[in-house]
Amino acid sequence: MPPDLTIRSAMPADDDALWALLEPVFRAGDTYAIDPVIGRAAALAYWRRPDGAVFLAETGGAALGTFYIRANAGGGGAHVANAGFVTAPAARGRGIARAMLRHAEAEARRRGFRAMQFNFVVETNAAALHIWRSEGYVEVGRLPGVFHHPREGHVDALVMFKPLEGPA
């Protein structure tokens, strides 16, 4: 992880940086269940849903990654957080995603969430799975063949879960 990495709340003025991070990942169509031809406005609306918080990881003013956190569900499930992460392709393998995950967990705890759940981790996303597992997330569900990967065809998606404090 770069020693000068900062993670802060994303502001409206960061929309260009967010789009620069989101666009190549969404266009690739291999990790998010998002239409690869999604437009800028729709992508930012998805990422910046009003019921969540968006963060930007940067060093020296350069955006290296972004994530959101929000409740995974409402009502009786509102104490479980959900999050989505994007790391700039040029910044991968430098500890950015792990730093964002740890920041997301701390922020989720601060907001009163008792657990974190990722609903749709594509099984071919080896880098994400390695990080999530090494940080204590366990597979609690497998959805067979539900993701149509642009090169691998239909692959499984995993549901990953981690308590943030005590039993969830």
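This tour proceeds through a predicted model in a series of selections.

**First stop: helix H2**

Select residues 40–47, which make up helix H2. Within this helix, colour Ala-43, Leu-44 and Trp-47, the buried residues of H2. On which side of the helix do they lie with respect to one another? They share the same side of H2, because the arc they cover around the axis is only 95°. Next, display what covers these buried residues: the cover includes helix H1 (15–28) together with strand S2 (52–59), strand S3 (62–71) and strand S4 (80–87).

**Second stop: a salt bridge in helix H1**

Remain with helix H1 and show the side chains of Arg-27 and Glu-23, which meet in a salt bridge with an N to O distance of 3.5 Å. How far apart are these two residues in the helix? They are 4 residues apart in H1, so about one helical turn separates them. As a general rule, an α-helix has 3.6 residues a turn, and therefore residues three or four places apart point the same way. Both partners can be inspected from outside the chain: Arg-27 is partly exposed at 35% relative accessibility, and Glu-23 is partly exposed at 29%.

**Third stop: Asp-14 and Arg-8**

Now select Asp-14 and Arg-8, which form a salt bridge whose closest N and O atoms are 2.7 Å apart. Is Asp-14 buried or exposed? Asp-14 counts as buried, because its relative accessibility is 10% and the cut-off for buried is under 20%. Arg-8, by contrast, counts as partly exposed, at 28%.

**Fourth stop: a network of salt bridges**

The structure holds 16 salt bridges. Some of them are linked in a network; to see it, select Glu-123, Arg-133, Glu-139, Arg-142 and Asp-156. Within this group, turn to Glu-139 and Arg-133, whose salt bridge has its closest N and O atoms 3.7 Å apart. Glu-139 is partly exposed, with a relative accessible area of 35%, and Arg-133 is also partly exposed, with 43%.

**Last stop: a nonpolar patch**

Finally, show the surface and select Phe-120, Leu-143 and Val-146. What do these residues form? They form a nonpolar patch on the surface, and their accessible area together is about 210 Å². One of them, Val-146, is located in strand S6 (residues 138–149). Val-146 counts as partly exposed, since its relative accessibility is 42%.

Terms used
Residues are numbered from 1 along each chain as its sequence is written. This is a predicted model: local features need pLDDT of at least 70, side-chain atom pairs count only at pLDDT 80 or more; totals for chains, interfaces and linings use all residues. Side-chain values use heavy atoms; hydrogens and water are left out. Buried means under 20% relative accessible area, exposed over 50%, partly exposed in between (1.4 Å probe, protein chains only). The arc is that of the directions from the helix axis to the C-beta atoms. Contact means heavy atoms within 4.5 Å. Patches are made of residues with over 30% relative accessible area and no salt bridge: like charges are joined within 9 Å, nonpolar side chains (Val, Leu, Ile, Met, Phe, Trp, Tyr) within 5 Å. Accessible areas come from the Shrake-Rupley method with a 1.4 Å probe; for residues, only the protein chains shown count as cover. A salt bridge is a side-chain nitrogen of Lys or Arg within 4 Å of a carboxyl oxygen of Asp or Glu.
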